[in-house]
Each structure stands twice: as structure tokens, then as C-alpha cells.
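Open the structure in a viewer and keep the selection panel at hand. The stops below run from the ligand outward to the sheet and the helices packed on it.

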Amino acid sequence: MKALLRKLHAPVYERRQRSLLRLIGGCLPSGESLLDVGCGSGTLSGALAKERGLEAQGLETHPRKQCEIPVDPYDGETIPYADNSFDNVLLADVLHHEEDPLRLLEEACRVAARRVIVKDHKTGPILAWPRISLIDWAANAGYGVRCLYRYPDLKGWHDLFKESGLSIHKEHKSLDIYPCFLNALFGRRLQYLAVLNPATL
Ligand SMILES: C[S@@+](CC[C@H](N)C(=O)[O-])C[C@H]1O[C@@H](n2cnc3c(N)ncnc32)[C@H](O)[C@@H]1O
């Protein structure tokens with residue numbers, strides 16, 4: 001069952017990755033460092049590193065045997081690096097798996113000298129919760145990643161950013177990141193990307 005889900009998910013992940021490479025890559029100056037928290041297989045930040053000439057490091061609560069970037073284990077509470085130790089911190093579809101997203105965002109803000117990039121889901125549109133829950137389950141069940149099925153709306157995201165000391169530099173409130181027929185059901189306004197600056201910048 002897990003292998004089948006991974007096979008079905010592969011082309012969807014591929015299309016998501018191409019879109020995110022363009023959207024996120026455009027915000028990252030070459031030569032900078034990138035900490036990918038919840039990097040999974042490291043495919044996204046590995047490709048970002050290659051395309052943008054970045055130095056990428058992963059951090060994972062459940063490190064996988066195969067990862068495209070160097071990865072350190074993470075206890076899920078304290079990011080094991082000093083303040084401002086990376087130019088950029090990426091949280092791609094990770095915060096909705098975290099029991100305490102504010103704590104994780106505060107940690108990301110502490111170690112990021114320039115930017116925190118958040119890609120996640122967003123409720124609001126009609127039947128948003130069951131639609132996001134379904135794609136969240138389908139994307140994660142094949143890898144044994146636990147889903148909490150909790151997703152903020154736009155105001156919820158803005159409140160979280162404010163509380164964690166981050167200000168919005170740029171945001172995309174709708175993303176076409178899936179193959180076209182899936183975008184209508186699971187993409188667009190259910191998908192969210194924000195490029196954030198630590199308040200000290
Ligand atoms: C949907 S996958 C995303 C993987 C990768 N970021 C990407 O975009 O391809 C979510 C990842 O977050 C990790 N994760 C779950 N809870 C986490 C937490 N509290 N802190 C850090 N990573 C976490 C999971 O182990 C999983 O690899």
C-alpha cells in the first residue's frame with residue numbers, strides 16, 4: 001500500500017517541485033546558505049542548491065536513509081544551531097505536521113539571518129479542510145509521516161508570523177503547483193507561500 005501511494009504521488013511531487021523551484025529559487029541569492037527544516041528526501045533543497053548555487057543543510061525529526069543533502073537529526077524542540085547561523089531557513093509543508101508551529105517558527109526565526117520561507121496549506125475556500133486533508137494524507141501516508149490535519153487560514157498564518165517575530169516580505173495566496181486537473185481540487189487557494197524577514201532586519 002505504501003509503495004503504491006509513493007508511486008501515485010511521484011508525478012504530483014515532481015510537478016510541485018518544479019513550481020516551487022521557480023517560486024523559491026527566485027527569492028534566494030546565489031552563494032547563500034539554506035537550512036531545510038523537515039527536509040524529507042532533500043530533493044527540493046538539493047535541486048535549489050544545484051540551480052541557485054546555494055549551500056544546503058537538512059534537519060529532520062525522522063531522517064531518511066537516502067537524502068540528497070547532508071542532514072542532521074532534530075529533536076523537534078530546539079534547532080541545534082546558533083542564532084543567525086544560516087542566511088535562509090525553509091519550512092516546506094512542515095509546519096502543519098508540528099504540534100506547536102509557533103515554537104518551530106520562533107526557532108526558524110532565531111537561526112535565520114535573512115529569510116524564513118514557508119510553503120504550506122491554507123484553509124478558507126469552500127470545503128477546504130477535507131480537500132487539504134485528503135491531499136495531505138495522500139502525500140504523506142506512503143512515507144509514514146504523521147498528519148495532524150490542522151491548517152491555519154490566512155489570518156491564522158499572519159498571526160503566527162507576527163507572534164514569532166517575522167514580517168512578510170512577499171506572499172503568494174494561491175499557487176498552481178499540481179498537474180492541472182488536481183490544481184482545481186487541491187491547489188490554488190489551498191496552497192500558500194510566504195517569504196519572511198526576521199524583525200531585526
Ligand atoms: C510533507 S514532508 C515535506 C518534505 C520536504 N520539506 C519537501 O518539501 O519535500 C514533511 C516532513 O517534515 C518532517 N517533520 C514532521 N514534523 C516535523 C517537525 N516537528 N519538525 C521538523 N520536521 C518535521 C517529516 O518527517 C517529513 O519529512
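Start with the shell around the ligand: its residues divide into nine nonpolar, eight polar and three charged. The model is predicted.

Select the shell next. It holds 20 residues, of which Gly38, Gly40, Ala92, His97 and Glu98 come nearest to the ligand. Which helices each supply at least two residues of this shell? Colour α2 and α4 (128–140) to see them.

Now hide the ligand and show the strands. There are seven, in an open sheet with mixed pairing, and the order across it is β3-β2-β1-β4-β5-β7-β6. Go to the edges: β3 (71–73) and β6 (166–172) each have a single partner strand, so one side of each is left without a neighbour in the sheet. From one strand to the next, the twist averages 20°.

Select residues 33–37 and 86–92, which are β1 and β4. These two strands pair in the parallel sense, over three bridges. For one of the residue pairs, pick Leu34 and find its bridge partner in β4, Asn88.

Add helix α2, residues 43–52. This helix packs on the sheet and touches β1, β2 (55–60) and β4. The directions of α2 and β2 make an angle of about 170°.

Last, add helix α3, residues 101–111, which also packs on the sheet. The strands touched by α3 are β1, β4, β5 (112–121), β6 and β7 (191–198). Compare the direction of α3 with that of β5: the angle is about 150°.

Conventions:
Residues are numbered from 1 along each chain as its sequence is written. This is a predicted model: local features need pLDDT of at least 70, side-chain atom pairs count only at pLDDT 80 or more; totals for chains, interfaces and linings use all residues. Two strands pair if DSSP finds at least two bridges between them. Helices (H or I, at least four residues) and strands (E, at least two) are DSSP runs, numbered from the N terminus. Axes are lines fitted to C-alpha atoms, for helices over the stretch in contact, and angles run from 0 to 180 degrees between N-to-C directions. Two residues are in contact if their C-beta atoms, placed from the backbone, lie within 7 Å. A residue is near a molecule or strand if its C-beta atom, placed from the backbone, lies within 6 Å of it. Ala, Val, Leu, Ile, Met, Phe, Trp, Tyr, Cys and Pro count as nonpolar, Asp, Glu, Lys and Arg as charged, and the others, Gly among them, as polar.
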